[in-house]
Amino acid sequence: QVQLVESGGGLVQTGGSLRLSCVASGRTSSMYVMGWFRQAPGKEREFVGCITWRGGSTSYADSVKGRFTISRDNAKNTVYLQMNSLNPEDTAVYYCAVAASFWPMGVMKDKNRYDYWGQGTQVTVSS
């Protein structure tokens with residue numbers, strides 16, 4: 001089992017920045033890809049980006065590319081989501097997730113590829 005705890009959410013103004021953290025515990029050796037997703041009320045959970053745990057390769061949704069950056073600290077079992085140039089459409093609950101199997105990066109936007117999920121952290125961007 002892998003347990004994930006997100007933190008760092010809060011209220012930020014349009015154009016501002018926020019950094020989310022996701023700390024993993026348990027069988028961290030099974031963490032091959034870590035992803036970030038978000039879900040706004042009434043909307044489906046959507047892919048934000050992901051990173052390979054060992055190599056650090058990243059992939060992002062077009063909606064956040066150039067604004068968001070994913071990184072990880074293997075020693076701390078932590079993945080980060082740095083969010084810049086935020087706008088109200090970024091308002092959502094943000095979730096981190098772990099894929100415990102090898103998958104091509106091109107399919108990791110699919111939420112069904114992930115095995116473990118955090119509880120989510122609320123990000124609200126005011127206009």
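Begin by selecting Cys 50, a residue that counts as buried at 0% relative accessibility. The model in the viewer is a predicted one. Display the sulfur of Cys 50 and look for a partner: the closest cysteine sulfur belongs to Cys 96 and is 13 Å away, which is too far for a bond.

**The disulfide**

Keep Cys 96 selected and add Cys 22. These two residues form a disulfide, with their sulfur atoms 1.9 Å apart. The structure holds one disulfide. A disulfide is a covalent bond between the sulfur atoms of two cysteines. Viewed along the S-S bond, the link of Cys 22 and Cys 96 is right-handed, with an angle of 55° about that bond. Cys 22 belongs to strand 3 and Cys 96 to strand 9, so the pair ties together parts that lie 74 residues apart in sequence. Is Cys 22 buried or exposed? Cys 22 is buried, at 0% relative accessibility. Cys 96 is buried as well, with a relative accessible area of 0%.

**The nonpolar core**

Next, select Leu 4, Met 34, Trp 36, Leu 81, Met 83, Tyr 94 and Tyr 114. These are the residues with the most contacts inside the largest nonpolar core, which has 38 residues. To see where the core draws its residues from, colour the strands that give two or more to it: strand 1 (2-7), strand 3 (18-26), strand 4 (33-39), strand 5 (46-52), strand 7 (68-73), strand 8 (78-83), strand 9 (92-99) and strand 11 (121-126). Which strand gives the most to this core? Strand 9 does, with six residues.

Now centre the view on Leu 81 and show its surroundings. Leaving aside residues up to four places away in sequence, Leu 81 touches Leu 18, Arg 19 and Leu 20, then Trp 36 and Val 48, and further along the chain Phe 68, Thr 69, Ile 70 and Tyr 94.

**The hairpin of strands 7 and 8**

From Leu 81, widen the selection to strand 7 and strand 8. The two strands pair in the antiparallel sense over six bridges. To follow the register, select Arg 72 and look across to strand 8, where Val 79 stands opposite. In a regular strand the side chains alternate between the two faces of the sheet. Then move to the turn of the hairpin, which has four residues between the strands; Asn 77 takes a positive phi near 50° there.

**The aromatic cluster**

Select Phe 37, Phe 47, Tyr 114 and Trp 117, which form one aromatic cluster. The structure holds five aromatic pairs. One of them joins Phe 37 and Tyr 114 in an edge-to-face arrangement, 5.1 Å centre to centre and with 80° between the planes. This pair links distant parts of the chain, as Phe 37 is in strand 4 and Tyr 114 is in the loop between strand 9 and strand 10 (116-117), 77 residues apart. Phe 37 is buried at 0% relative accessibility, and Tyr 114 is also buried, with a relative accessible area of 6%.

Phe 37 forms an aromatic pair with Trp 117 too; this one is tilted, at 5.1 Å centre to centre and 55° between the planes. Here Phe 37 in strand 4 meets Trp 117 in strand 10, a residue 80 places away in the chain. Trp 117 is partly exposed, with a relative accessible area of 27%.

**A residue of the loop**

Return to the loop between strand 9 and strand 10 and select Ser 101, which is found there. Ser 101 is partly exposed, with a relative accessible area of 33%. Place a distance marker between the C-alpha atoms of Ser 101 and Tyr 32: the two are 6.3 Å apart in space and 69 residues apart in sequence. Beyond residues up to four places away in sequence, Ser 101 touches Tyr 32 and Asp 115.

**Strand 11**

End the tour at Thr 121, whose place is in strand 11. Thr 121 is buried, at a relative accessible area of 11%. Show the polar atoms of its side chain: one of them lies 3.2 Å from the backbone nitrogen of Gly 9. Gly 9 is also among the residues that Thr 121 touches, not counting those up to four places away in sequence; the others are Glu 6, Ser 7, Gly 8, Leu 20, Ala 92, Val 93 and Tyr 94.

Conventions:
Residues are numbered from 1 along each chain as its sequence is written. This is a predicted model: local features need pLDDT of at least 70, side-chain atom pairs count only at pLDDT 80 or more; totals for chains, interfaces and linings use all residues. Side-chain values use heavy atoms; hydrogens and water are left out. A nonpolar core is a set of buried Ala, Val, Leu, Ile, Met, Phe, Trp, Tyr and Cys residues joined through side-chain atoms within 4.5 Å. Buried means under 20% relative accessible area, exposed over 50%, partly exposed in between (1.4 Å probe, protein chains only). Contact means heavy atoms within 4.5 Å. A polar contact is a pair of N or O atoms within 3.5 Å; within protein, one must be able to donate a hydrogen and the other to accept it, and residues adjacent in sequence count only if both atoms are side-chain atoms. Two strands pair if DSSP finds at least two bridges between them. A disulfide is a pair of cysteine sulfur atoms within 2.5 Å. Rings of Phe, Tyr and Trp (its six-membered ring) pair if their centres lie within 6.5 Å; planes under 30 degrees apart count as stacked, over 60 as edge-to-face and the rest as tilted.
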